[in-house]
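Got your viewer open? Let's take a walk through this one together, picking out one spot after another.

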Amino acid sequence: MNKLKLSASVLTVTVGLVMGTSINQVVMAEEVVAESITQPVVTNEVIATSITAEKSEPHPQPGTFTYSAGDLLAKVPLDLNIFCKNYPLNSRCTNRSTPVKPQIEESQPQPEKSQPTEETSQNPVKTSGWAITPEISTLGVGATVTKSITPNINAKVGINGLGLSRDISVSDVDYKANLNLFNVSTLVDYLPWKNGGFHLTGGLVFQDNNFEGTGKPKNGVTIRINDKDYNSTTVLTSLNAKVSFENSVAPYIGLGWGNAVKPGKRWGFSTNLGVMFSGSPKVSLTPGFGPDATEAIKAEINTNIEAERKKQESDLNWLSVFPVFSVGVSYQF
């Protein structure tokens, strides 16, 4: 009986050793059935068991494998890097990213960086759209503030004034005249081409321009009024004249060149030419009578002064359309 048991045990061990040579690689991952690919497919996985009947081996831990039945007694740690390289479709390797050695690419010549041109290397000047333009014009000396409304429209507010004294002669009478100019303009420039300087201008000018003077005789003895001479020492000693304009609010139209608020530009030059519709000039003449001026002579002088006044208004009627010319240098904030 003991011989039979011994024979059976030897036979069992012999069969196990023979079959051990055909056992596939043991892996601790679930089987993955892959679609048709060019790489080898792992079709089955074997869980190692104990070689002896008396003592059962514990379930193999993940990460170990054996190549033969004899190796089951010595557990060898599984190198997943090598394993997944040989069996990339195994379930243990599905969610594992296989390190890939960086491939050395052939060095390619880098494209030359374009050299910045002079135009691109210069940063555009940041401007606010507000500018001031000191100017000289036939309305006086002053300045205009300009604000950009749109690329084609600018609004302007300007103040001009001047006080000037000079001698003038009207109807054989010399006047020591004072010129008083004061103008506040509210204008709009329209630029047909936003990148150009040409503009059309329109608006209103609030004006208080006048001429004042005191007449004196040319010959030093008589003053001629309406072609009649009066003694300047005893009858008509003085003649005060004042010229003003009918329209205190005068329309203005004109054209010019220059855009004080051109984007990216600090300094600029502008010139304008236009007309202000100031209305018909109004002339007032005030006589100064001497001791020999009787009431009859005074009435006569007043009649001649009225005729002279009308004549002077007629001579000055061209100022009803007042010419305006200005030049200035602008600075944008």
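Which residues does N272 touch, not counting residues up to four places away in sequence? Select N272 and show what surrounds it: you should find K156, H199, T201, Y252, L255, G256, V324, F325 and S326. One thing to know before going on: the model you're looking at is predicted.

**Stop 1: around N272**

Stay with N272 for a moment. N272 sits in strand 13, which covers residues 267–277. Is N272 buried or exposed? Its relative accessibility is 10%, and buried means under 20%, so N272 counts as buried. Now add the side chain of H199 to your selection. The side chains of N272 and H199 are joined by a polar contact of 2.8 Å.

**Stop 2: a loop with two positive phi values**

Next, select N226 and D227. N226 is in the loop between strand 9 (222–225) and strand 10 (228–231), and D227 lies in the loop between strand 9 and strand 10 too. Check the backbone angles here. Phi of N226 is near 50°, a positive value in a residue other than glycine. For D227, phi is near 65°, again positive and again in a residue other than glycine.

How exposed are these two? N226 has a relative accessible area of 28%, so it counts as partly exposed. D227 comes out at 58%, which means it counts as exposed.

**Stop 3: strands 4, 5 and 6**

Now highlight strand 4 (residues 140–150) and strand 5 (residues 153–170). They run antiparallel, with nine bridges joining them. Follow the chain from strand 4 to strand 5 and you'll pass through a hairpin of two residues. To see one pairing in detail, pick G142: standing opposite it in strand 5 is N160.

Add strand 6 (residues 173–190) to the view. How many bridges pair strand 5 with strand 6? There are 18, and the two strands pair in the antiparallel sense. Try S169 here, whose bridge partner in strand 6 is D174.

While you're in strand 6, click on F182, which is found there. With a relative accessibility of 44%, F182 counts as partly exposed. Then draw a line from the C-alpha of F182 to the C-alpha of G161: they are 21 residues apart in sequence, yet 4.3 Å apart in space. Leaving aside neighbours within four places in sequence, F182 is in contact with I159, N160, G161, F206, Q207, D208 and N209.

**Stop 4: the nonpolar cores**

Time to look inside. In soluble globular proteins, nonpolar side chains tend to be buried together. In this model, the largest nonpolar core has 15 residues, and I225 and L285 have the most contacts inside it. Colour strand 6, strand 9, strand 11 (236–245), strand 14 (281–289) and helix 5 (295–315), the elements that each give two or more residues to this core. Which of them gives the largest share? That's strand 11, with four residues.

Zoom in on I225. Not counting residues up to four places away in sequence, I225 touches Y230, L236, L239, N304, I305 and E308. Apart from this largest core lies another core, of 10 residues. To find it, select A250, Y252, M276 and L319, which are among its members. You've already met Y252, by the way: it was one of the residues touching N272 back at the start of the tour.

Definitions and conventions: Residues numbered from 1 in each chain as written. Predicted model: local features only at pLDDT ≥ 70, side-chain atom pairs only at ≥ 80, totals over all residues. Heavy atoms only, no water. Buried < 20%, exposed > 50% of the residue type's maximum accessible area, 1.4 Å probe, protein only. Polar contact = N/O pair within 3.5 Å; in protein donor to acceptor, adjacent residues only side chain to side chain. Contact = heavy atoms within 4.5 Å. Pairing = 2+ DSSP bridges. Core = buried A, V, L, I, M, F, W, Y, C linked by side-chain atoms within 4.5 Å.
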